[in-house]
Amino acid sequence: MSKQQKHAGIPADLGLDFVENWVKQRLSEKRYRHCQGVVTVARQLAPLAPCDLFLAELSAWLHDACKEVKDSELIKRAQKAKLKLHPVERLHGHVLHGPVAALTARKELGIRNQDVLDAISQHTLGHAPMSALSKTVFLADCLEASRPADYTTPIWEALDLGGRNCLDAAVLTALNLGLSSLINSNKPIHPKTIDVRNYYLVQLGDAGR
Ligand SMILES: [Fe+2]
Ligand SMILES: [Fe+2]
C-alpha cells in the first residue's frame, strides 16, 4: 500500500487504511470486494498512465462510495450541490453515484484535490478529456477481476499494445463495448458517453477510417 506523503488538497493525516474502512462501512461485502479489485488494477495501471500511486489508490477506493445510495437520494444530493442535471440523470439517478461520491469525499474527508475529485466523479461516464488519474480509475473500474472476460480482454489488449496512446485506446475500447452493451440491452445512453467516445476516437485519429 503506498503511503500518503504530501499531496496538495489531501489532509495530511488521511491514510488509505482509514479510507478503506470508511468505504467498507458504506458498502455491501460484494461492492467492497469490487472496490478492492479496482484498487488492485489501479496500482497496476498507475505507472503506465503515469500518475501518482497514492492518489490512484485513494480515488479507486472512493469511486463507488455512494454506489448503494438510493437513486432519489443521489438526485437530491446532486440538486442540493447545484449540479446541473441532464434528463437521463433525473430518470436514472444511479449515474450520479460518481459525482455524489466526489461531493461526499470533499465534505466528509476534506479532500480538495481536484484531480482526485474528478477521477471519482468521472469514473462512470468518462470525460473529455480525462487526466491520467481519471483514465486510470475509469479503466481500473472496467478491468476489475470480476468483470466478464469478453469485456476485459479487448481492453487489456489495447493496453498491451503499449505506447504513448495505449490508455486512450483502452478508454475508447471500453466506451465502445459499454455503448454496444447498452444498445443490446435496450438501456438509455447518457449523451456524455457518446461525446467522450467521439473525443477519444478523434484523439486517436481513428475517426472516419
Ligand atoms: Fe461506479
Ligand atoms: Fe465501480
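N186 counts as exposed, with 6 C-beta neighbours inside 10 Å. Burial is graded by the number of other C-beta atoms within 10 Å of a residue's own: 20 or more is buried, 12 or fewer is exposed, and in between is partly exposed, with C-beta atoms placed from the backbone. N186 lies in the loop between α10 (166-184) and α11. Its phi is positive, about 60°, although N186 is not a glycine. Helices are DSSP runs of H or I with at least four residues, numbered from the N terminus. The model is predicted: local features need pLDDT of at least 70, side-chain atom pairs count only at pLDDT 80 or more, and totals for chains, interfaces and linings use all residues. Residues are numbered from 1 along each chain as its sequence is written, while chains are lettered from A and ligands numbered from 1 in the order in which they are written.

K82 also has a positive phi without being a glycine, at about 65°. This residue is found in the loop between α4 and α5 (87-91). K82 is exposed, having 7 other C-beta atoms within 10 Å. Most residues other than glycine have a negative phi, and most peptide bonds are trans.

Cis peptide bonds occur in two further loops. One joins A49 and P50, with omega about -20°. P50 has its place in the loop between α2 and α3. The other runs from A128 to P129, with omega near -5°. P129 is found in the loop between α7 and α8.

The loop of P50 links α2 and α3, and these two helices pack together. Two packed helices are described by the angle between their axes and the distance between the axes. The axes of α2 and α3 cross at roughly 160° and come within 8 Å. α2 is therefore roughly antiparallel to α3. Axes are lines fitted to C-alpha atoms, for helices over the stretch in contact, and angles run from 0 to 180 degrees between N-to-C directions. Angles under 35 degrees count as roughly parallel, over 145 as roughly antiparallel, 65 to 115 as roughly perpendicular and the rest as oblique. The crossing of α2 past α3 is right-handed. A crossing is right-handed if the near helix is turned clockwise from the far one by less than a right angle, and left-handed if anticlockwise. On the α2 side the contact is made by C35, V38, V39, A42 and R43, and on the α3 side by L53, A56, E57, A60 and W61. By class, this contact has 8 nonpolar, no polar and 2 charged residues. Contact requires C-beta atoms, placed from the backbone, within 7 Å of each other. Ala, Val, Leu, Ile, Met, Phe, Trp, Tyr, Cys and Pro count as nonpolar, Asp, Glu, Lys and Arg as charged, and the others, Gly among them, as polar.

Helix α3 (residues 53-62) has 8 of its 10 residues buried, so it is largely enclosed by the rest of the structure. The buried residues are L55, A56, E57, L58, S59, A60, W61 and L62. Their cover includes α1 (16-24), α2 (29-45), α6, α7 (114-121) and α8 (132-143).

A60 and L62 also appear in the largest nonpolar core, which has 55 residues. Such a core is a set of buried Ala, Val, Leu, Ile, Met, Phe, Trp, Tyr and Cys residues joined through C-beta atoms within 7 Å. The residues with the most contacts inside it are A42, A60, L62, L139, A140 and V171. Leaving out residues up to four places away in sequence, V171 touches G126, K135, F138, L139 and Y200.

L201 lies in helix α11 (residues 191-203). It counts as partly exposed, with 17 C-beta neighbours inside 10 Å.

Helix α9 (residues 149-160) and α10 have axes that come within 7 Å and cross at roughly 160°. This makes α9 roughly antiparallel to α10. The crossing is right-handed. Y151, P154, I155, A158 and L159 of α9 meet C166, A169, A170, T173, A174 and L177 of α10. The contact residues divide into 10 nonpolar, 1 polar and no charged.

Helix α4 (residues 71-80) and helix α6 (residues 97-109) pack at about 55°, with axes 10 Å apart. α4 is therefore oblique to α6. Their crossing is left-handed. L74, R77 and A78 of α4 make the contact with H97, P99, V100 and L103 of α6. These residues divide into 5 nonpolar, 1 polar and 1 charged.

Definitions and conventions: Contact = placed C-beta atoms within 7 Å.
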